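User: Could you take me through this structure step by step? I would like to begin with how two of its helices meet.

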Amino acid sequence: MAIQPERARKMKITTMILCASVLTALAVPVHAAGDPRAGKTKTSMCAGCHGIPGWRTAYPAVYSVPKLGGQHAEYMVSALKAYKSGERNHPSMVGIAASLSEQDMEDLAAYYASSYTGESN
Ligand code: HEC
């Protein structure tokens with residue numbers, strides 16, 4: 001028995017919907033994109049140093065704190081991972097990065113990348 005055109009069309013649509021939902025389900029964990037709004041709520045532990053224009057930390061030596069606003073998100077995530085893994089070893093940032101999950105890093109980076117104001121950190 002031949003499949004009627006109407007039925008074939010429905011099957012095709014069903015297949016497409018199934019494929020799309022499978023792809024969406026797969027895409028989420030692989031591409032954990034940062035959410036700038038979630039990032040903003042996590043900046044309280046960064047703002048003490050990165051929120052003050054021209055701020056210098058006094059430990060372990062007088063050191064200027066890099067500006068994060070407008071920095072590339074990918075760069076910030078890789079810098080944070082490098083602090084967490086010990087590849088970069090500034091004491092202030094190692095302690096901070098150790099407490100961040102990968103999602104926190106993505107969210108914070110997305111927020112800072114989108115928050116460039118031209119004057120503050
Ligand atoms: C105690 C002060 C302090 C706090 C709090 C702090 N940072 Fe930092 N951060 C620094 C300093 C100092 C550096 C530069 C260290 C270096 O040269 O490796 C730095 C570097 C960085 C860098 C690398 C920037 C670059 O240009 O390479 C990123 C990204 C960063 N911080 C993100 C954060 C985030 C996100 C938070 C909050 C979760 C945070 N920091 C909290 C002091 C701080």
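Analyst: Leu-80, Tyr-83 and Lys-84 in H4 meet Met-93, Val-94, Ala-97 and Ala-98 in H5. Two residues are in contact here if their C-beta atoms, placed from the backbone, lie within 7 Å. Helices (H or I, at least four residues) and strands (E, at least two) are DSSP runs, numbered from the N terminus.

User: How many residues of that contact are nonpolar, polar or charged?

Analyst: The contact of H4 with H5 has six nonpolar residues, no polar ones and one charged. Ala, Val, Leu, Ile, Met, Phe, Trp, Tyr, Cys and Pro count as nonpolar, Asp, Glu, Lys and Arg as charged, and the others, Gly among them, as polar.

User: At what angle do H4 and H5 pack?

Analyst: The angle is about 95 degrees, and the axes of H4 and H5 are 8 Å apart. H4 is therefore roughly perpendicular to H5, a term for angles of 65 to 115 degrees. Axes are lines fitted to C-alpha atoms, for helices over the stretch in contact, and angles run from 0 to 180 degrees between N-to-C directions.

User: Is this model predicted or experimental, and how are residues numbered?

Analyst: This is a predicted model, in which local features need pLDDT of at least 70, side-chain atom pairs count only at pLDDT 80 or more, and totals for chains, interfaces and linings use all residues. Residues are numbered from 1 along each chain as its sequence is written.

User: Which elements have the lowest and the highest mean pLDDT?

Analyst: Strand S1 (residues 56-57) has the lowest mean, 56, and H4 the highest, 96. pLDDT is the predictor's confidence in each residue, from 0 to 100. Over residues 26-31 the pLDDT is below 50, and this stretch has zero contacts in the model beyond near neighbours in sequence. The chain averages 78.

User: Now the ligand. Which residues are closest to it?

Analyst: The closest are Cys-46, Cys-49, Pro-66, His-90 and Ser-92, among 20 residues that surround the ligand. A residue is near a molecule if its C-beta atom, placed from the backbone, lies within 6 Å of it.

User: Which helix gives the largest share of that shell?

Analyst: H3 does, with five residues. By class, the shell has 14 nonpolar, five polar and one charged residues.

User: Is Cys-49 buried or exposed?

Analyst: Cys-49, in helix H3, counts as partly exposed because it has 18 C-beta neighbours inside 10 Å. A residue is buried with 20 or more other C-beta atoms within 10 Å of its own, exposed with 12 or fewer, and partly exposed in between.

Key:
Angles under 35 degrees count as roughly parallel, over 145 as roughly antiparallel, 65 to 115 as roughly perpendicular and the rest as oblique.
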